[in-house]
Structure formats: structure tokens, C-alpha cells
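Welcome to the tour! Open your viewer, keep the selection tool handy, and follow along one stop at a time.

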Amino acid sequence: MLQELYQDLIVDHGKQPRNFGKLSELAHYHCGHNPLCGDQLTIYLHEEAGIIKDVKFEGKGCAISMASASLMTEAVKGHHQETVYLLVEHFHQMVTTGNMPDRDMGKLAAFVGVSAYPSRVKCATLAWHTLKAALKNESDPVCTEGEG
Ligand code: ZN
């Protein structure tokens, strides 16, 4: 039943991603690709004194990559980047090992089952790695235009 709840959450966010769109040019942004699946997304964020004031994403990909990005934006908005870096680590740990971190992961716990499908792990972590790169202002930030 819990599994069904988790599945519903992923399907819901995969179909109707929250915080989908662009932020102004003042935002940090970064493009992430998962060539194995064809997922591509750009994360935009406004950061002030280390706090993520706003975050949005756009792109396309499978339900898991879209749901992960959607739930990620909800989870990190309003938080300090140090807190967020730790959350990225814990999320990565959770989806690669299948073990729940020693903390409340909230809705993100829905992705724990992804660990059973190694080919989907990159789908689930794409948004998180891209977020981290955006926060760190890493180079190569621009997504090339896709076919639509
Ligand atoms: Zn994918």
C-alpha cells in the first residue's frame, strides 16, 4: 500500500511536474543529460546568501526523471545550500543502495524502490546532480535545443 502511494506520487509528479518553467537570466542554471534514457533538463535557481529562494526546471524525459525533478524543487526551495548538498547525498545514497538514510526524506522516500532498477537510477538522480552543478556554477550550462 505504501508502495502504491509512492507509485501514485511518482506518476502524479511525472505527469504534472511542479515548478516547471524558467527563471530570469539572473538565475543560476545548468543543463543535465541522461543519454541512457534520453532525459534532458535544465535547472534554474535564485540563490541569496546561500538560501535557495526559488527553483524551477524545464526539459523532457521519462516519468521518473520528471517526477524526481518536480519533487526535488519542492524539497529544496527555501533551504540553505549546505542543507541541500547533504540532501543530494542522502538521495543518491537512497536510490543506489535502497537503504533509507537516517533522516526523514518526506515524499522523496518514494524513490527508494528505484534502487531495484539500476538503469533507472540515473533518471532519478539527474535533477539532483544538475541542481548541485547549478549551485556550484559549473561550466557547460546550456542545453542544446532538442527536437521539441
Ligand atoms: Zn529516464
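Before the first stop, one term: donors are N, O and S atoms within 2.8 Å of the metal. Keep in mind, too, that this is a predicted model.

**Stop 1: the zinc ion**

Select the zinc ion and show the side chains around it. The ion is coordinated by the SG atoms of C37, C62 and C123, and D39 appears twice among the donors through OD. These donors sit at 2.1 to 2.7 Å. Now look along the sequence: the donor residues follow the spacing C-x1-D-x22-C-x60-C.

Stay here and compare two of the donor residues. Is D39 buried or exposed? Its relative accessibility is 1%, so D39 counts as buried. C37, on the other hand, has 34% relative accessibility and therefore counts as partly exposed.

**Stop 2: the first hairpin**

Next, select residues 28-34, which make up strand β1. This strand is mostly covered, with five of its seven residues buried. Add residues 39-48, strand β2, to your selection; β1 and β2 run antiparallel and are joined by seven bridges. To see the two strands side by side, highlight Y29 and find Y44 of β2 standing opposite.

Then follow the chain around the turn. Four residues lie between the strands of this hairpin, and G38 takes a positive phi near 90°.

While the strands are on screen, here is a useful idea for reading them: in a regular strand the side chains alternate between the two faces of the sheet.

**Stop 3: the second hairpin**

Keep β2 selected. How many of its ten residues are buried? Seven of them are, so this strand is mostly covered. Now add strand β3, residues 51-60, which runs antiparallel to β2 and is joined to it by nine bridges. A good pair to highlight is L41 with G59 of β3, since they stand opposite each other. The β2 and β3 hairpin has two residues between its strands, and A49 in the turn has a positive phi of about 50°.

**Stop 4: T73**

Move on to helix α2, residues 63-76, and pick out T73. With a relative accessible area of 0%, T73 is buried. Which residues does T73 touch, leaving aside its neighbours within four places in sequence? They are R18, N19, V55 and F57. For a distance to try in your viewer, link the C-alpha atoms of T73 and E47: they are 13 Å apart, while 26 residues separate the two along the chain.

**Stop 5: two helices crossing**

Select helix α3 (residues 81-97) together with helix α4 (residues 118-135). Their axes come within 10 Å and cross at roughly 160°. Angles over 145 degrees count as roughly antiparallel, which means that α3 is roughly antiparallel to α4. The crossing of α3 past α4 is left-handed. On the α3 side, the residues making the contact include V84, Y85, F91 and H92. On the α4 side, look for V121, W128, H129 and L135, among others.

**Stop 6: H90**

Finish inside helix α3, where you will find H90. Its relative accessible area is 18%, and buried means under 20%, so H90 is buried. Leaving aside neighbours within four places in sequence, H90 is in contact with P101, R103 and M105.

How values were computed: Residues numbered from 1 in each chain as written. Predicted model: local features only at pLDDT ≥ 70, side-chain atom pairs only at ≥ 80, totals over all residues. Heavy atoms only, no water. Donors = N, O, S within 2.8 Å, 3.2 Å for Na, K, Ca; no water. Buried < 20%, exposed > 50% of the residue type's maximum accessible area, 1.4 Å probe, protein only. Pairing = 2+ DSSP bridges. Axes fitted to C-alpha atoms, helices over the stretch in contact; angles between N-to-C directions. Parallel < 35°, antiparallel > 145°, perpendicular 65-115°, else oblique. Left-handed = near helix turned anticlockwise from the far one by under 90°. Contact = heavy atoms within 4.5 Å.
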